[in-house]
Amino acid sequence: MPGRQAGFTLIEITIAVAIAATVMLTIYGVFSSVSSAKERVEADSAAYHQARVLCDRLGKEIRGTYLRQENPKTLFVLEKNEDNLPRLTLSTTASTPQGGAGGIVVVRYDVRPDPDSEEGDRALFRSEYPLFHPEGTEQTFYRLASGIEDFQIRCFANGTWHEDWQQGLPQILEINFHLRLGDRTIPFTTAFELQGSRGQG
C-alpha cells in the first residue's frame, strides 16, 4: 500500500530479545565462572601459604632439637593431651624473641578444639620458654594456626611408627593435617629427619 511504513513485527522483536537475553546470560555465566575460579585460587593460595609458613616453623624447631641424657630439662616428648589430641614438647636451639633470653628453649605445640569455630575445627597453639627458666614460670600459649580439621603427629623409630614417644630422638617425625576452606578441606603432609637420631636405634 502506498505510504505504508516499514518496521519490525512483534515476532521479530521477541526473537531479537530472546537472542540478546541468551547472549547476556552466556556472558554472565562466563564472568561468574571466572570470578569463582579466581576466588578459589586465591583461597587455595592462602591455605598453601599458611601451611608452608607452619611447616617451615615446625621444621626449623624440630631440626634444631637439643636433647642430652645428662640434662633432664632437655626433652622430646610426643603424647596425647587432655582432649586426646597430639601434643609435642621439645627443647630446641631455634629460639624466637618470644622466648625472652634466647639460646635453648622449650617449645610446646598443643592441638585443641577451636573455641571460635562453629564447624568443630581445631587450632594449633604454641608456647615457648627458656630451658633454664625459674621454677613456676608461667607458659603463655598463643594460636599458631586455625581452621584445622585434623592434625596428627607420629614418630618413626626402631622400624615402626609411634603415636607416643619419649625415648630419646626418633629418626623421623611426620605431621599430617587438613586446613578448612569453606565447605572443603585441603590435606598436607610433611616429614622431618631429626639430627643426631642416627645410631640411637
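Here a biologist and a modeller talk through the labels put on this predicted model.

Biologist: Let's start with the layout. Which elements make up the chain, and in what order?
Modeller: The chain has one helix and eight strands, and from the N terminus they run α-β-β-β-β-β-β-β-β.

Biologist: What makes Arg-126 and Glu-61 a salt bridge?
Modeller: The closest N and O atoms of Arg-126 and Glu-61 are 2.5 Å apart. The cut-off is 4 Å between a side-chain nitrogen of Lys or Arg and a carboxyl oxygen of Asp or Glu, so the label applies. Arg-126 lies in strand S4 (residues 122-130) and Glu-61 in helix H1, so the pair ties together parts that are 65 residues apart in sequence.

Biologist: Why is Glu-61 called buried?
Modeller: Glu-61 has a relative accessible area of 1%. Buried means under 20%, so Glu-61 gets that label. Its partner Arg-126 is buried as well.

Biologist: What else does Glu-61 touch?
Modeller: Leaving aside neighbours within four places in sequence, Glu-61 is in contact with several residues, including Leu-90, Thr-92, Val-107 and Tyr-109.

Biologist: And what makes the one with Tyr-109 a polar contact?
Modeller: The two side chains come to 2.3 Å. A polar contact needs a pair of N or O atoms within 3.5 Å, so this pair fits.

Biologist: How do you know that Asp-110 and Arg-87 form a salt bridge?
Modeller: Same check: their closest N and O atoms are 3.2 Å apart, and the limit is 4 Å. Asp-110 sits in strand S3 (residues 105-113) and Arg-87 in strand S2 (residues 86-92), so the pair links parts that are 23 residues apart in sequence. At 1% relative accessibility Asp-110 counts as buried, and at 14% Arg-87 counts as buried too. Asp-110 and Arg-87 also belong to a network of salt bridges with Glu-79, Glu-82 and Arg-112.

Biologist: Where do Arg-143 and Asp-116 lie?
Modeller: Arg-143 is in strand S5 (residues 142-157) and Asp-116 is in the loop between S3 and S4, so their bridge ties together parts that are 27 residues apart in sequence. The closest N and O atoms of Arg-143 and Asp-116 are 2.9 Å apart.

Biologist: Why is Asp-116 called exposed, and Arg-143 partly exposed?
Modeller: Asp-116 has a relative accessible area of 59%, and exposed means over 50%. Arg-143 comes out at 32%, which falls between the 20% and 50% limits, so "partly exposed" is the label.

Biologist: How many salt bridges are there by this rule?
Modeller: The count comes to 14.

Biologist: Which residues have the most contacts inside the largest nonpolar core?
Modeller: Ile-62, Phe-76, Leu-88 and Phe-177, in a core of 33 residues. Among the elements that each supply at least two residues are H1, strand S1 (76-80) and strand S7 (172-181). Ile-62 touches Leu-88 and Ile-175, among others.

Biologist: What makes Ile-15 fit for a nonpolar patch on the surface?
Modeller: Ile-15 has a relative accessible area of 47%, so it's partly exposed. The patch rule asks for over 30%, so Ile-15 passes that test. Ile-15 is in helix H1 (residues 10-63). With Ile-11, Ile-15, Ile-19, Val-23, Met-24, Ile-27 and Phe-31 together, the patch has about 740 Å² of accessible area.

Biologist: And how much of the chain counts as buried?
Modeller: Of its 201 residues, 34%.

Key: Residues are numbered from 1 along each chain as its sequence is written. This is a predicted model: local features need pLDDT of at least 70, side-chain atom pairs count only at pLDDT 80 or more; totals for chains, interfaces and linings use all residues. Side-chain values use heavy atoms; hydrogens and water are left out. Patches are made of residues with over 30% relative accessible area and no salt bridge: like charges are joined within 9 Å, nonpolar side chains (Val, Leu, Ile, Met, Phe, Trp, Tyr) within 5 Å. Accessible areas come from the Shrake-Rupley method with a 1.4 Å probe; for residues, only the protein chains shown count as cover. Helices (H or I, at least four residues) and strands (E, at least two) are DSSP runs, numbered from the N terminus. Buried means under 20% relative accessible area, exposed over 50%, partly exposed in between (1.4 Å probe, protein chains only). A nonpolar core is a set of buried Ala, Val, Leu, Ile, Met, Phe, Trp, Tyr and Cys residues joined through side-chain atoms within 4.5 Å. Contact means heavy atoms within 4.5 Å. A polar contact is a pair of N or O atoms within 3.5 Å; within protein, one must be able to donate a hydrogen and the other to accept it, and residues adjacent in sequence count only if both atoms are side-chain atoms.
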